[in-house]
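I opened this notebook to keep a record of what I looked up, entry by entry, in the structure shown below. Each entry starts from something I wanted to know and ends with what I found.

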Amino acid sequence: MVLQESNGNGNAVNDGGMSYGLLQVQLSEKAKETEEPATCDPSGCTYDNYLKMLQQGVYGHSGTGNPIPPGIAYWLGQYSPGAALRGYNTGSVPDESDYQVATPISTESYVSDLGNRLGGLPPQQFPDPNWKLNHCGFKLAITG
């Protein structure tokens, strides 16, 4: 997930300045009142910086106020791995039978991209669409 979200860049900021760190956590304005986004300068990241990034991405918000979207642990407790990844990326699971259904600010191919990475292939590339369905178990998002 770290490679997919930030390419391992601890200082990554995306989604118009809304997503931060290794796992691209999005803090609400209310949450920012009590908790800083977990990020750092890659040349000066500390163990504590990385730990906070991973904690926010896995477990969610640790401060008071409105929470950030739940971490991946929440989604894995509620859904299958493919649906959990869709939930983490989108903030919901719009269609449990089609993991490419996403919101305008999420990535349609997120689940299949991660499946590709786990299978040792580059994101968005599979030699045969049937191979992906049989080996990764995730619904196709991009076949080309």
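The entries below go from confidence to overall layout, then to the sheet, the cores, the disulfide and one chosen residue.

**Entry 1, confidence.** I noted first that this is a predicted model, so I looked up the confidence before anything else, because where pLDDT is low, the predicted coordinates should not be read in detail. The protein averages a pLDDT of 77, and 78% of the residues score at least 70. I then marked residues 131-137, where the pLDDT is below 50; this stretch still has 16 contacts in the model beyond near neighbours in sequence.

**Entry 2, layout.** How many helices and strands does the protein have? I found seven helices and three strands, and, reading from the N terminus, I wrote down the order α-β-β-β-α-α-α-α-α-α. The protein has 144 residues, of which 38% count as buried. I looked up the accessible surface as well, which comes to about 7700 Å², with 50% of it belonging to carbon and sulfur atoms. For the contacts, I took those between residues at least 6 apart in sequence, and found that 37% of them join residues at least 24 apart.

**Entry 3, the sheet.** I traced the three strands into an open sheet with the order β1-β2-β3 and antiparallel pairing. Its edge strands are β1 (13-14) and β3 (25-26), each of which pairs on one side only. Between β2 (residues 19-20) and β3 I found two bridges, the two strands running antiparallel, and in β3 the bridge partner of S19 is Q26.

**Entry 4, the nonpolar cores.** I searched for cores with a general expectation in mind, namely that in soluble globular proteins nonpolar side chains tend to be buried together. The largest nonpolar core has 13 residues, and those with the most contacts inside it are I72, W75, L85, Y88 and Y110. Which helices each supply at least two residues of this core? I listed α4 (72-78), α5 (81-90) and α6 (110-118), and the largest share, four residues, comes from α5. I also recorded a second, separate core of five residues, which includes L22, A38, C45 and M53.

**Entry 5, the disulfide.** A search of the whole structure gave me one disulfide, formed by C40 and C45 with their sulfur atoms 1.8 Å apart. About the S-S bond I read 75 degrees, and the link of C40 and C45 is right-handed. Are these two cysteines buried or exposed? With the cut-off for buried at under 20% relative accessible area, C40 counts as buried because its value is 8%, and C45 counts as buried because its value is 18%.

**Entry 6, N49.** I closed with N49, which has its place in helix α3 (residues 47-59). I entered N49 as partly exposed, because its relative accessibility is 23% and the class of partly exposed lies between 20% and 50%. Which residues does N49 touch, not counting those up to four places away in sequence? The contacts I found are with T39, C40 and G44, and C40 is one of the two cysteines of the disulfide in the entry before. Last, I looked up N49 and G10, which are 39 residues apart in sequence and 8.2 Å apart in space, C-alpha to C-alpha.

Methods
Residues numbered from 1 in each chain as written. Predicted model: local features only at pLDDT ≥ 70, side-chain atom pairs only at ≥ 80, totals over all residues. Heavy atoms only, no water. pLDDT = per-residue confidence, 0-100. Contact = heavy atoms within 4.5 Å. Disulfide = S-S within 2.5 Å. Buried < 20%, exposed > 50% of the residue type's maximum accessible area, 1.4 Å probe, protein only. Areas by Shrake-Rupley, 256 points an atom, 1.4 Å probe, with all protein chains shown as cover. Core = buried A, V, L, I, M, F, W, Y, C linked by side-chain atoms within 4.5 Å. Pairing = 2+ DSSP bridges.
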